Amino acid sequence: MKYISPSILSADFARLGEAIEMLNQSEAEWIHVDVMDGVFVPNISFGFPVMEPLKRLARKPLDVHLMITEPIRYVERFCDAGAWSVGFHLEAVDDPMPTLEKIRAKGVRTALTINPDIAPERLLPYLDKVDMVMLMSVFAGFGGQKFIPETLDKVRFIKQAIRERELPTLIEVDGGVNTENAPLLFEAGADVLVAGSSVFRAPDPMEMIKKLKTTPIPSV
Ligand code: DX5
Ligand code: ZN
């Protein structure tokens, strides 16, 4: 599938309602919600108080990306706050299973994420235990960073493993996504692309969302 999940981290928070309404009217399938705790990543974004207006106004699933230590302490609250899926980092936990079970017990979809310096092989034991894996194509912490091209090979590697196992697990890619790399990522096997700055800094964000899905691979 070819889904776009715009990250509201790059929206103007003084006009969050307008940003959500734009996303409601756009061709985006999901809304990506980046939660940072200032410990797991060197940045603090927002938490539960922002989930409330998001949940109230958004007519699309909230794809929550937790960049926090000890996610097990908070996943249930994010589920209760209206998350459609809750993802956390494999490198933030010793064993992801108890946290995954807590999310699943709430009836919410699970996602497991790795930063670019974590070997994708580490996701293999969990491919049949999560709804989605998320490959970071920048180091988690900030919007507006440059896409790391090696991500494409990681997408191919994980896609092949998912195919071999005949699993329905989705692949999401997060960071530096733009109209140049989006067609390559979809071709490599990504199902969902997160896009923050490319959408919100575009003169026409709705048009950019459409372009991220429809731009063909450049012919060389
Ligand atoms: C990075 C976040 C990303 C980020 C994406 O820590 O997880 O979701 O907001 O923003 P862009 O598309 O600007 O890289
Ligand atoms: Zn994210």
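**How to read this model**

Guide: With a relative accessibility of 0%, H32 counts as buried, where buried means under 20% relative accessible area, exposed means over 50% and partly exposed lies in between (1.4 Å probe, protein chains only). This is a predicted model, in which local features need pLDDT of at least 70 and side-chain atom pairs count only at pLDDT 80 or more, while totals for chains, interfaces and linings use all residues. Residues are numbered from 1 along each chain as its sequence is written, chains are lettered from A and ligands numbered from 1 in the order in which they are written, and side-chain values use heavy atoms, with hydrogens and water left out.

Visitor: Which residues are the protein donors of the zinc ion (ligand 2)?

Guide: Donors are N, O and S atoms within 2.8 Å of the metal (3.2 Å for Na, K and Ca), and sites may look incomplete because water is not among the atoms. Here the zinc ion (ligand 2) has the protein donors H32 (NE2), D34 (OD), H65 (ND1) and D174 (OD), which lie 2.0 to 2.2 Å from it. Along the sequence these donor residues follow the spacing H-x1-D-x30-H-x108-D. H32 belongs to strand 2 (residues 31-36) and H65 to strand 3 (residues 62-67), so this pair ties together parts that are 33 residues apart in sequence. Strands (E, at least two residues) and helices (H or I, at least four) are DSSP runs, numbered from the N terminus. H65 counts as buried, with a relative accessibility of 1%.

Visitor: What is the geometry of the site of the zinc ion (ligand 2)?

Guide: Six donors count as octahedral if opposite donors are over 155 degrees apart and all others between 65 and 115; four count as square planar by the same angles, or as tetrahedral if all angles lie between 85 and 135 degrees, and anything else is irregular. The zinc ion (ligand 2) has six donor atoms with angles of 71 to 170° among them, and its site is octahedral.

Visitor: How many residues surround ligand 1, and which are the closest?

Guide: A residue is taken to be near a molecule or strand if one of its heavy atoms lies within 4 Å of it. For ligand 1 there are 20 surrounding residues, and the closest are D34, G141, G144, D174 and S197.

Visitor: Where does S197 touch ligand 1?

Guide: A polar contact is a pair of N or O atoms within 3.5 Å; within protein, one must be able to donate a hydrogen and the other to accept it, and residues adjacent in sequence count only if both atoms are side-chain atoms. S197 places a polar side-chain atom 2.6 Å from an oxygen atom of ligand 1, G141 has a backbone N or O atom 2.7 Å from an oxygen atom of that ligand, and a polar side-chain atom of H65 lies 3.1 Å from an oxygen atom of ligand 1. On its own, ligand 1 has 390 Å² of accessible area, and the protein covers 100% of it; such areas come from the Shrake-Rupley method with a 1.4 Å probe, and for residues only the protein chains shown count as cover.

Visitor: How many helices and strands does the protein have?

Guide: The protein has eight helices and eight strands. Its radius of gyration is 16 Å, close to the 17 Å that the globule rule gives for 220 residues, so the protein is as compact as a globular protein of that length; the radius is taken over C-alpha atoms, and the rule is 2.2 Å times the number of residues to the power 0.38. Of the 220 residues, 54% count as buried.

Visitor: Is F88 buried or exposed?

Guide: F88, found in strand 4 (residues 85-89), is buried, with a relative accessible area of 0%. The C-alpha atoms of F88 and T113 are 5.8 Å apart in space, although the two residues are 25 apart in sequence. E164, in helix 5 (residues 151-164), is exposed, with a relative accessible area of 56%.

Visitor: What is the phi of E166 near?

Guide: Phi of E166 is near 55°, a positive value in a residue other than glycine. E166 sits in the loop between helix 5 and strand 7 (170-174) and, at 70% relative accessibility, counts as exposed.
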